Structures are given as C-alpha cells and as structure tokens.
Amino acid sequence: MRVPPGLTPADFENARKQWEQAVGRDWVFSSDEDVDTYRDSYSPFWHEGDEPVPSAAVAPKTVEQVQEVLRVASSYKIPLWTISTGKNLGYGGSAPLLSGSVVLDLKRMDRVIEVNDKNHYALVEPGVSYFDLYRHIQDRNLKVWIDPPDPGWGSLIGNALERGGGYTPLRDHFDAHCGMEVVLANGEIVRTGMGALPQSQTWQQYRYGFGPYVDGIFSQSNLGVVTKMGFWLYPQPEAFLSGTVGVAKRDDLFPLVENFAYLMNSGIVQATTTVVSPLSYSRDPQLRVLRAQGSTSDVERYAAEKNLPYWSVSLPFYGPAKVIAAQWEYAKQRFRAIPGATFQDGASYRFPLDTDQLAKIVNPVPFGVPSLQTFSIGGPRSQGHMWFSPIIPMSGDAILEAQNVFDQVYQDLGSSSAAPPGFPIWNFFARAFVIIYFFPIEHDIEKNRRNREIFRRLVKTSAEHGWGEYRTHTAFMGDVMDAYSFNDHALLRLHETMKDALDPNGVLSPGKNGIWPKGMRKART
Ligand SMILES: Cc1cc2nc3c(=O)[nH]c(=O)nc-3n(C[C@H](O)[C@H](O)[C@H](O)COP(=O)(O)OP(=O)(O)OC[C@H]3O[C@@H](n4cnc5c(N)ncnc54)[C@H](O)[C@@H]3O)c2cc1C
C-alpha cells in the first residue's frame with residue numbers, strides 16, 4: 001500500500017477508516033490494482049521513477065460526504081487531487097501532480113439537477129459527462145444543444161474548470177458557465193454569483209451576483225472543490241452551413257486573418273475553426289524540397305499548379321437559415337478584397353438531424369453531439385500524447401513568427417521530428433489564437449525525455465516572445481506558471497496568498513498550476 005508524503009502508515013490507515021465511514025467501504029480504493037486505474041495513461045514519465053502516482057482514491061456521493069472527506073484530509077494534512085470524471089488525457093489524466101496524493105474522485109456525483117430549454121441553461125454535478133447531459137436532453141426532447149469537446153466522455157465541470165473548448169458558439173467552456181457551488185478546504189459551502197441569494201431565481205442566468213466576482217479563482221486552481229456548476233446551453237439552431245476561403249500567396253495570410261478577426265470580433269463568425277496551410281498536409285517530396293530549398297514564389301507556383309490554396313479557413317455559421325446565408329455572403333464580400341481568393345461551399349444542415357443524417361456525419365461534435373470519434377479520426381496513433389498550446393495574437397504576423405520560432409527550437413535541439421509545418425491555428429477562444437502542437441507519448445524513456453526537453457524549451461521560448469500556454473500537462477505546470485512572471489511573479493504570490501488563506505493545511509491539489517501550499521513551496525519544480 002502506498003502512503004501519502006509525510007504520513008505514517010498508521011495515520012493513513014486511520015484516515016482511510018474515517019473516509020470509509022463517511023462514504024462507505026466500497027468507495028475508498030487503496031489496492032494497487034484499483035489505484036493504478038488513476039494513473040495517467042498518457043504519462044510522459046512511463047517506466048520512470050518520476051511518474052506521479054496516487055496512494056488511494058476516495059469517491060463521495062454527496063456534498064456532505066465531500067465536506068467530511070476534506071475534514072479528515074485536513075486533520076491529517078493528506079494531499080488530495082480532485083477530479084470530476086478524470087478524463088483529462090493529454091494534460092495529466094486523473095493522476096495527481098504530487099505523487100502519493102489521494103484522488104478525490106467526484107464521478108459518483110452525477111445528477112443533472114436542471115435543464116431549462118426556455119432560458120437555455122443547465123445545472124449539473126461534477127460526475128455528469130457530456131454523454132450523460134446529451135442523453136438527458138434527448139430523452140426529454142428538449143430544444144437545447146450542449147457543446148462537447150472532442151471526446152464526450154469527460155465532464156462539463158472538469159473541462160470548464162480547465163478552461164477547455166468545443167466547437168459551437170458556446171465553445172469557451174469556462175466563459176459559458178454561470179454560477180458555482182464550491183466546498184472550501186475548511187468544509188464551508190459557498191455559492192457564487194446569484195447563488196449566494198438564498199431564494200435566487202437567476203443563479204444560472206446572471207453571472208456576477210454582487211461584490212467581487214470570484215468564480216475565476218476556482219478554475220485551473222486548487223482553492224476549492226466544485227460540487228455544482230451552471231452552464232449556458234445553445235438554443236437548438238435552425239441551420240448550419242460552412243464555407244471555405246482559400247488564398248494563393250503566402251502574404252495573403254495577413255489580410256486573410258485581418259478579415260477573419262473582423263468577422264469573429266463582430267460576432268458574424270462565432271464558432272470554432274482553424275486557419276491552416278493545406279500545403280502542410282501534402283507528403284509530396286517535390287514540395288518538401290521546395291520548402292527546404294526553394295523560394296516562397298516557388299512554393300506559391302507549386303500550390304497554383306496543384307490547385308491548392310496557400311492558406312485557407314473554413315467558416316462555420318449557426319442560426320436561422322436566412323441569417324447564416326447572408327453571413328456567408330457578407331464574409332465572401334470581405335474576402336474578395338484579396339486578389340484571387342477562392343470560395344467553396346461546405347456542408348449545410350437543417351436541425352434536428354434525423355438518425356440517418358447523423359450516422360453519415362463522421363464527426364458530429366460540432367453539432368452538439370458527444371462522440372469518441374476523435375480517437376479514431378484526427379486522434380493519436382501513438383501510445384498517447386500531450387499538447388503544447390500557446391496563445392498568440394490573432395494576426396498573420398504572429399502566425400508566421402510562431403512558425404519560425406518553434407521550427408528553430410526543433411532545429412536547435414537537433415530533433416529529427418521537426419515541428420509540424422503549417423500547424424493548425426485554432427480560435428477556441430475569443431480575440432486570440434491558440435496553437436495546438438501534438439507531442440507523442442511513447443513507452444520509450446529516451447524519447448519521452450527528449451520530448452520533455454523540447455516541451456520545456458518551447459515554453460521558455462514562447463515566453464521570450466510574449467506567448468503563454470492556456471493550459472498544460474501536470475508535468476509542466478511549474479514551468480508555465482514560472483513564465484507568467486511580471487513584477488517578480490506578483491501573480492503567483494497573489495495565488496499563494498489566497499492558497500494560504502483558503503487552504504492553510506495545503507490539502508487541495510498541491511502544485512496544481514504551479515501553486516504550492518506554504519509547507520511545500522520547496523517542492524516547486
Ligand atoms: C484525443 C483527445 C482530444 C481532446 N480534445 C479536447 C477538446 O476538443 N477540448 C478540450 O477542452 N479538451 C480536449 N481534450 C482534453 C480532455 O480530454 C478534455 O478536456 C476532458 O474533457 C477533460 O476531462 P474531464 O472532464 O474528465 O476532467 P477531469 O479530469 O475530471 O478534470 C480536469 C482537472 O480539472 C480540475 N477539476 C476537475 N473537477 C474539479 C472539481 N470538481 N473541483 C475542482 N477542480 C476540479 C482538476 O485539476 C482536474 O485535474 C482531448 C483529449 C484527447 C485525448
């Protein structure tokens with residue numbers, strides 16, 4: 001049996017017994033076989049002693065049980081690691097950052113408390129997955145959409161707290177939340193926003209309540225355990241259509257992105273898409289030679305001969321059929337200012353889709369339907385992966401600069417696996433782009449070490465250029481937080497001040513996002 005750091009086996013045994021009394025014997029796990037299911041199956045530390053592993057897991061069913069689990073953890077100073085459904089693959093899975101922490105597994109708290117399809121919101125517990133909420137809505141024939149991320153088996157709460165993203169106009173999942181219930185380390189239950197008003201009728205409709213808006217301090221943090229969260233849902237739209245804009249020259253990227261930013265920031269395009277160079281997907285050896293040795297105009301000529309755009313962006317539109325047709329027309333009108341711009345009509349649908357239509361759609365996620373297709377289509381072919389995901393400005397200059405800077409990092413480190421050319425640039429969030437680089441995880445110690453080294457270099461180099469990651473694997477949380485260093489790490493000091501005030505015993509997810517409790521700051525990596 002593993003034991004949390006700083007604890008005697010006897011104390012741990014006592015704590016386990018108290019947890020068993022609180023949640024039932026079946027819901028405290030400590031055999032290696034059970035506990036191993038909480039390891040990160042995409043760990044970049046496979047077969048190395050550094051892989052953080054939990055010592056046990058405890059799975060409460062109610063808010064009162066969460067309070068009791070926290071009380072016991074505090075009295076023995078046992079580090080916990082909170083998960084909702086624990087499917088945070090690519091960012092640490094369900095494994096803790098600090099080895100020996102006990103996983104606080106909330107997936108048994110799985111009630112859909114309310115779905116309202118007149119004001120379009122839901123209130124759920126942490127164990128509710130996108131599949132669960134989708135089924136709940138379908139069973140009742142409610143006219144609202146959820147916004148799943150690529151894999152639908154995760155929870156709304158875990159994904160939103162990590163500030164994850166989806167595809168429909170409600171794609172920024174933390175932004176789409178409205179109201180929380182949080183259990184603090186001292187066991188106190190707090191409701192945020194209008195939830196603080198005992199007779200509130202608008203907890204899921206008005207975010208701010210009165211006074212400082214505190215919801216943000218519970219995202220990507222270790223300051224509380226979220227036991228309920230409200231989400232805005234998308235009213236089932238009448239229709240969808242997409243259209244792709246292509247441009248012929250490398251430097252057409254500048255007006256392409258400028259017009260795209262205009263459409264995004266004016267709310268004409270509202271959903272997730274990518275700016276890509278279709279040339280990057282070509283495996284033609286002739287193109288590789290041209291890229292390495294030729295000039296930009298050689299590559300442009302090649303693209304013209306092959307009838308490929310140099311850059312393209314697909315624009316997704318959701319809403320009333322007449323409105324979205326007009327939005328696509330307006331977008332074309334703007335992009336026509338770029339000489340030689342091409343336009344291609346894409347998929348179009350009327351909702352609701354019937355079963356036959358749905359079956360023909362390879363990836364239904366952008367239509368509010370959760371799926372696991374991602375593991376077979378664009379998903380990983382390796383033994384796992386993690387992502388490097390810096391936020392960059394929404395401009396053509398930033399895209400080209402990032403491409404050059406990251407390519408250089410790979411070259412400097414002599415990596416045979418060069419940075420992917422023309423990596424997709426996502427608009428998961430308003431007003432800025434996020435680049436998502438895929439890092440394979442393998443059961444190969446040397447390759448993983450190498451990838452960790454490249455990853456750390458990318459984080460540092462990004463920071464030197466003013467780009468920071470929006471989210472990261474537990475292995476790099478210290479590195480990323482270290483980069484947010486304005487005024488000698490004033491932000492981290494603020495986080496630590498809050499940590500010390502709200503969690504003086506340091507039991508909640510030590511090290512999460514680089515924030516350590518007072519007694520463990522030496523452990524900071
Ligand atoms: C192929 C693939 C594609 C992916 N695509 C996407 C994508 O499109 N968009 C995207 O966002 N992600 C994506 N991911 C990443 C990940 O799978 C999802 O974000 C997933 O939804 C997160 O899992 P979860 O909801 O089970 O979170 P959990 O693992 O339950 O939680 C994540 C973290 O949030 C915190 N947390 C969770 N619950 C609580 C709570 N109740 N109180 C306090 N803190 C809490 C903890 O720190 C926890 O480690 C992808 C992963 C893979 C493998």
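How many residues of the shell around the ligand are nonpolar, polar and charged? The shell divides into 14 nonpolar, 15 polar and 5 charged residues. Please keep in mind as you browse these close-ups that the model is predicted.

**View 1. The ligand and the residues around it.** Here we look at the ligand, which is surrounded by 34 residues. The closest of them are Ser 84, Thr 85, Lys 87, Ser 155 and Arg 471. One of these, Thr 85, has an N or O atom in its side chain that is 2.5 Å from an oxygen atom of the ligand. The backbone takes part too: a polar backbone atom of Gly 165 is 2.9 Å from a nitrogen atom of the ligand. For Val 226, a backbone N or O atom likewise lies 2.9 Å from a ligand nitrogen atom. On its own the ligand has 970 Å² of accessible area, and the protein covers 96% of that.

**View 2. The helix and strands that contribute to the shell.** Two or more residues of the shell come from each of these elements: strand S3 (80-83), helix H5 (156-161), strand S10 (225-232) and strand S16 (385-388). Which of them gives the most to the shell around the ligand? That is H5, with 4 residues. Two of the strands, S3 and S10, will turn up again in the sheets below.

**View 3. An open sheet of five strands.** Follow the strands in the order S5-S6-S10-S8-S9 and you have crossed this open sheet, whose pairing is antiparallel. Strand S5 (112-116) and strand S9 (189-191) are at the edges; each has a single partner strand, so one side of each has no neighbour in the sheet. On average, neighbouring strands here are turned by 10° against each other, direction ignored. S5 and strand S6 (residues 121-124) run antiparallel and are joined by 4 bridges. To find this pairing in the model, look for Val 112, whose bridge partner in S6 is Val 124. Helix H4 (residues 130-139) lies across S5 and S6, and runs at about 50° to S5.

**View 4. An open sheet of four strands.** This sheet has the order S1-S2-S4-S3, and its pairing is mixed. Its edges are strand S1 (28-29) and S3, and because each has a single partner strand, one side of each is left without a neighbour in the sheet. Strand S2 (residues 56-58) pairs with strand S4 (residues 102-105) in the parallel sense, over 3 bridges. A handy pair to look for is Ala 56, which stands opposite Val 102 in S4. Helix H3 (residues 63-76) lies across S2, S3 and S4, running at about 155° to S3.

**View 5. Two spots of backbone geometry in loops.** Most peptide bonds are trans, and most residues other than glycine have a negative phi. Against that background, the bond between Phe 351 and Pro 352 is a cis peptide bond, with omega about 0°. Pro 352 sits in the loop between strand S15 (342-350) and helix H10 (355-360). What is the phi of Asn 141 near? Its value is near 55°, which is positive although the residue is not glycine. Asn 141 belongs to the loop between H4 and strand S7 (144-145).

Definitions and conventions
Residues are numbered from 1 along each chain as its sequence is written. This is a predicted model: local features need pLDDT of at least 70, side-chain atom pairs count only at pLDDT 80 or more; totals for chains, interfaces and linings use all residues. Side-chain values use heavy atoms; hydrogens and water are left out. A residue is near a molecule or strand if one of its heavy atoms lies within 4 Å of it. A polar contact is a pair of N or O atoms within 3.5 Å; within protein, one must be able to donate a hydrogen and the other to accept it, and residues adjacent in sequence count only if both atoms are side-chain atoms. Accessible areas come from the Shrake-Rupley method with a 1.4 Å probe; for residues, only the protein chains shown count as cover. Ala, Val, Leu, Ile, Met, Phe, Trp, Tyr, Cys and Pro count as nonpolar, Asp, Glu, Lys and Arg as charged, and the others, Gly among them, as polar. Two strands pair if DSSP finds at least two bridges between them. Axes are lines fitted to C-alpha atoms, for helices over the stretch in contact, and angles run from 0 to 180 degrees between N-to-C directions. Contact means heavy atoms within 4.5 Å.
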